[in-house]
Amino acid sequence: MRLPPARGPLSEWLIGRLCEPQRTAVSPAYRSKLPWADEDLQLSLWIAYELHYRGFEDAAIDGQWDPEVLAFRAMLEREWVAWLERECRVMPSDAPIAEQLRELVDAEDGPRLSAYVRRHATLDQFRQFVANKSVYQLKEADPHSFGIPRVDGPTKAALVEIQSDEYGGGRPERMHAELFRTTMRWLGLNDAYGNYVPEAPAVTLAVSNVMSLFAMHRRWTPALLGHLAALEMTSTLPNRQYAAGALRLGATAQDARYFTEHVEADAVHEQIAAHDLCGSYVDDHPTALSDVLFGASCALKLDNLFAHHLLDQWKDKQCVAS
Amino acid sequence: MTTNAEEPATAIRAYPNGPILVRGDFELLDEDGVPVATDRRTVALCRCGRSAIAPLCDGTHSLLPRTPRS
């Protein structure tokens, strides 16, 4: 993919630096009260992280380890992490980690995006939903794979068991990202990696950026595991609804397979993630408990903000139409 | 790699307030004795009786009141 267009001084500096590393302009300073909604910040973070995944064909080949870029990213992350800490840090209890994760998930009183998609979404709205999701889903599971070399024993076995499923268990056509492509093609969407990044709002990029933050920094390994557990634990019920919505809108079973696959697969994954993955990690690292919960809480919070963003937009359109 | 003759071919584990996970070699049949199509190496079997895709788990148990661990 190519570098997306800038959205402000931060992304303009970063893109310039990646295209012409010999340039010596000083990076702009940054402050923001609402980092998750800041277009310039989230796009800059997304580009900085993407250098560690597929990268950009028009960026310097070693931009990934450019010290100026790393220092710039660290500056952006300070505000971003400070906001996540303020909004998402939760107080741990003495209960088993799996129970605490379940309580967090159950307490999440988010907007009912999946119920809306199931019953009311138009084909255009479904298309918009899937285009937004594609920013992460086309590299589904990749952020959490960064955790594999950082954990041991039963934690590693549990993580690899989940990830192996995500990647199709040795069968590329069953890879979740590939199943997602089938759904995209049904909707007439372009399934090229990163195609919808230029038009994705800050909150959609933030959903991906929080995973990448936890993936890039070994220090955030417990949060990465907690984040994965929250994804798995909030997957089966919404995906059932998304599948029903897709079928209502004329999808074939194959078009909707991405969603139905997640009902069966994540019924397994949520147990492994909560009990075997996070359970064994916290047994080995008792002081990491709070960060595991923090990672889960961040996943839930951003998913919530994303759902609000779509539903608010759709509600506004309904008002205009009626 | 050596194989442990004592190692069971199938491992079955119950999860608190959740399904039973089956890993290994197994054949899964429904109430009429018809094989359930699944090519997963690990499956989750419904324990709450409410799954729409029984005998597999579909996560519905998380909507039901939970029983505390005894």
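**Exercise 1. A backbone oddity in chain A**

A141(A) sits in the loop between helix 6 (123-137) and helix 7 (142-145) of chain A. Task: find what phi A141(A) has, and say whether the value is positive or negative.

Solution.
- Step 1. Remember that this is a predicted model.
- Step 2. Recall the usual case: most residues other than glycine have a negative phi.
- Step 3. Read the angle. Phi of A141(A) is near 80°.
- Step 4. Compare. The value is positive, and the residue is not glycine.

**Exercise 2. A peptide bond in chain B**

Task: decide whether the peptide bond from A54(B) to P55(B) is cis or trans.

Solution.
- Step 1. Start from the general rule that most peptide bonds are trans.
- Step 2. Check omega. For the bond from A54(B) to P55(B), omega is near 10°.
- Step 3. Conclude. This bond is cis.
- Step 4. Place the residue. P55(B) belongs to the segment that follows strand 3 of chain B.

**Exercise 3. The strands of chain B**

Task: work out how strand 1 and strand 2 of chain B run, and how many bridges join them.

Solution.
- Step 1. Locate the strands. Strand 1 of chain B covers residues 10-14, and strand 2 covers residues 20-24.
- Step 2. Match the partners. T10(B) has G24(B) as its bridge partner in strand 2 of chain B. A11(B) stands opposite R23(B).
- Step 3. State the result. The two strands run antiparallel, joined by five bridges.
- Step 4. Look at the link. Strand 1 and strand 2 of chain B make a hairpin, with five residues between them. In the turn, N17(B) has a positive phi of about 55°.
- Step 5. Go on to the next strand. Strand 2 and strand 3 of chain B are also antiparallel, with four bridges. R23(B) stands opposite T42(B) of strand 3.

**Exercise 4. Two domains in chain A**

Task: describe how domain 1 and domain 2 of chain A meet. How many residues does each give to the contact?

Solution.
- Step 1. Set the bounds. Domain 1 of chain A spans 9-86, and domain 2 spans 94-321.
- Step 2. Count the residues. Domain 1 of chain A gives 20 residues to the contact, and domain 2 gives 28.
- Step 3. Find the distance. Taken over C-alpha atoms, the domain centres are 24 Å apart.
- Step 4. Find the area. The two domains of chain A bury about 2000 Å² between them, and carbon and sulfur atoms give 69% of that.
- Step 5. Name the main contributors. W36(A), W46(A) and Y53(A) supply 33% of the area that domain 1 buries against domain 2, more than any other three residues.
- Step 6. Count the charged pairs. There are two salt bridges between the domains of chain A. The side chains of D142(A) and R54(A) meet in a salt bridge, with N to O at 2.9 Å.
- Step 7. Add the polar contacts. Eight residue pairs are in polar contact between these domains, both residues at pLDDT 80 or more.
- Step 8. Sort the domain 1 side that touches domain 2. This side has eleven nonpolar, two polar and seven charged residues.

**Exercise 5. Chain B against chain A**

Task: describe the interface of chain B and chain A. How many salt bridges cross it?

Solution.
- Step 1. Count the residues. In this interface, 25 residues of chain B are in contact with 24 residues of chain A.
- Step 2. Find the area. Chain B and chain A bury about 1900 Å² between them, with 45% on carbon and sulfur atoms.
- Step 3. Answer the count. Six salt bridges cross the interface. E264(A) and R40(B) pair through their side chains in a salt bridge, at 3.1 Å from N to O.
- Step 4. Add the polar contacts. Nine residue pairs are in polar contact between chain B and chain A, both residues at pLDDT 80 or more.
- Step 5. Look at the chain B side. Strand 2 and strand 3 (42-45) of chain B each supply at least two residues. Strand 3 gives the largest share, three residues.
- Step 6. Sort this side by class. The chain B side has ten nonpolar, seven polar and eight charged residues.

**Exercise 6. A tie within chain A**

Task: explain why the salt bridge of R17(A) and D66(A) ties together parts that are apart in sequence.

Solution.
- Step 1. Recall the principle. Side chains of opposite charge can pair when their charged atoms come close.
- Step 2. Check the pair. The side chains of R17(A) and D66(A) meet in a salt bridge, with N to O at 2.7 Å.
- Step 3. Place both ends. R17(A) lies in helix 1 (residues 9-19) of chain A, and D66(A) in the loop between helix 2 and helix 3, so the pair ties together parts 49 residues apart in sequence.
- Step 4. Take the total. Over all chains, the count is 26 salt bridges.

How values were computed
Residues are numbered from 1 along each chain as its sequence is written. Chains are lettered from A and ligands numbered from 1 in the order in which they are written. This is a predicted model: local features need pLDDT of at least 70, side-chain atom pairs count only at pLDDT 80 or more; totals for chains, interfaces and linings use all residues. Side-chain values use heavy atoms; hydrogens and water are left out. Domain bounds come from an automatic or database domain assignment. Contact means heavy atoms within 4.5 Å. Buried area is the accessible area (1.4 Å probe) that two parts lose on being put together, summed over both. A salt bridge is a side-chain nitrogen of Lys or Arg within 4 Å of a carboxyl oxygen of Asp or Glu. A polar contact is a pair of N or O atoms within 3.5 Å; within protein, one must be able to donate a hydrogen and the other to accept it, and residues adjacent in sequence count only if both atoms are side-chain atoms. Ala, Val, Leu, Ile, Met, Phe, Trp, Tyr, Cys and Pro count as nonpolar, Asp, Glu, Lys and Arg as charged, and the others, Gly among them, as polar. Two strands pair if DSSP finds at least two bridges between them.
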